[in-house]
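Trainee: I would like to go through this structure step by step. Please show it first, and then I will ask.

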Amino acid sequence: MTDMLIRAALAAREKAYAPYSRFHVGAALRCDDAIYSGCNVENAAYPQGSCAEAGAISAMVLAGGRQIDEIVIVGSGEAACTPCGGCRQRLREFSASDMRVIMVDTKGVILLETTLEALLPWSFGPENLA
Ligand code: THU
């Protein structure tokens, strides 16, 4: 399944709209054994741009999904494209602390594999409002 996620993330990255940063990102997540993907979509009014992870989460929610089991992210360049702070919190909403977060390069080679908990320790989530 991780292989399929990697392929989906690479395909999503091909669709990125990033004329300003030229940093193309794709993300693909697994939820209920289905795959949802997204790409970054930038905007001339820079802060209005959105991240690949946000797009993938929107696609999942639109389909009725609520639980992210694993996510693969691919950026540009040599370094692993770790999710931004805002996206860590977005992932937190729909993920267990041990949810696997995998960063790959543009060839699909795994650069870094970690968990949501490692990326966002001591996080605030839905349980805090219960
Ligand atoms: N970006 C993502 O889509 N996901 C990340 O995890 C990090 C950054 C996008 C936002 C912006 O379009 C570009 O990458 C440069 O920051």
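**Strands, helices and loops**

Mentor: In this predicted model, β1 and strand β3 (residues 68–74) pair in the antiparallel sense over five bridges. We can work outwards from that pairing.

Trainee: Which residue is the bridge partner of R30 in β3?

Mentor: β1 covers residues 26–31, and β3 covers residues 68–74. The two strands run antiparallel. Within β3, R30 is bridged to E70.

Trainee: And which residue in β3 is the bridge partner of G26?

Mentor: G26 belongs to β1, where it points one way along with A28 and R30. The bridge partner of G26 in β3 is V74.

Trainee: In what sense do β1 and β2 pair, and over how many bridges?

Mentor: β2 takes in residues 34–39. One of its links to β1 is the bridge between G26 and C39. The pairing of β1 and β2 is antiparallel, over six bridges.

Trainee: How many residues of β1 are buried?

Mentor: Side chains in a regular strand alternate between the two faces of the sheet. In β1, G26, A28 and R30 point one way, while A27, L29 and C31 point the other way, and all are buried. β1 is therefore largely enclosed by the rest of the structure, with a buried count of six of six.

Trainee: How many residues of β3 are buried?

Mentor: β3 pairs with β1 and also with β4. It is largely enclosed by the rest of the structure, because the buried residues number six of the seven.

Trainee: In what sense do β3 and β4 pair, parallel or antiparallel?

Mentor: β4 consists of residues 95–104. V74 stands opposite V104 in β4. β3 and β4 pair over six bridges, and the sense is parallel.

Trainee: Which residue in the hairpin of β1 and β2 takes a positive phi?

Mentor: Most residues other than glycine have a negative phi. The hairpin has two residues between its strands. One residue there is not a glycine and yet has a positive phi of about 50°: D32.

Trainee: Is D32 buried or exposed?

Mentor: D32 lies in the loop between β1 and β2. The cut-off for exposed is over 50% relative accessible area. At 60% relative accessibility, D32 counts as exposed.

Trainee: What is the phi of R22?

Mentor: R22 sits in the loop between α1 (2–14) and β1. It is exposed, with a relative accessible area of 66%. R22 is a residue other than glycine, and its phi is positive, near 60°.

Trainee: Which residues of α2 are buried?

Mentor: An α-helix has 3.6 residues a turn, so residues three or four places apart point the same way. Helix α2 spans residues 52–62. The cover over its buried residues includes β1, β2, β3 and α3 (85–93). Those buried residues are A52, E53, A54, A56, I57 and M60.

Trainee: Which residue just after α2 takes a positive phi?

Mentor: The helix ends at residue 62. Just after α2, a positive phi of about 95° is found at G64.

Trainee: Is Q67 exposed or partly exposed?

Mentor: Q67 is found in the loop between α2 and β3. Its contacts, not counting residues up to four places away in sequence, are R30, C31, D32, M60, F94, S95 and A96. Its relative accessible area is 35%, and exposed would need over 50%. Q67 is partly exposed.

Trainee: What distance separates the C-alpha atoms of Q67 and A18?

Mentor: The two residues are 49 places apart along the chain. Their C-alpha atoms are separated by 28 Å.

Trainee: Now the whole chain: in what order do the elements run from the N terminus on?

Mentor: The secondary structure comes to four helices and five strands. From the N terminus on, the order is α-β-β-α-β-α-β-β-α.

Trainee: What is the radius of gyration of the protein chain?

Mentor: The globule rule gives 14 Å for 130 residues, and the chain comes close to that, so it is as compact as a globular protein of that length. Its radius of gyration is 14 Å.

Trainee: What share of the residues in the protein chain is buried?

Mentor: The accessible surface of the chain comes to about 7000 Å², of which 54% belongs to carbon and sulfur atoms. Of the 130 residues, the buried share is 43%.

Definitions and conventions. Residues are numbered from 1 along each chain as its sequence is written. This is a predicted model: local features need pLDDT of at least 70, side-chain atom pairs count only at pLDDT 80 or more; totals for chains, interfaces and linings use all residues. Side-chain values use heavy atoms; hydrogens and water are left out. The radius of gyration is taken over C-alpha atoms; the globule rule is 2.2 Å times the number of residues to the power 0.38. Buried means under 20% relative accessible area, exposed over 50%, partly exposed in between (1.4 Å probe, protein chains only). Accessible areas come from the Shrake-Rupley method with a 1.4 Å probe; for residues, only the protein chains shown count as cover. Two strands pair if DSSP finds at least two bridges between them. Contact means heavy atoms within 4.5 Å.
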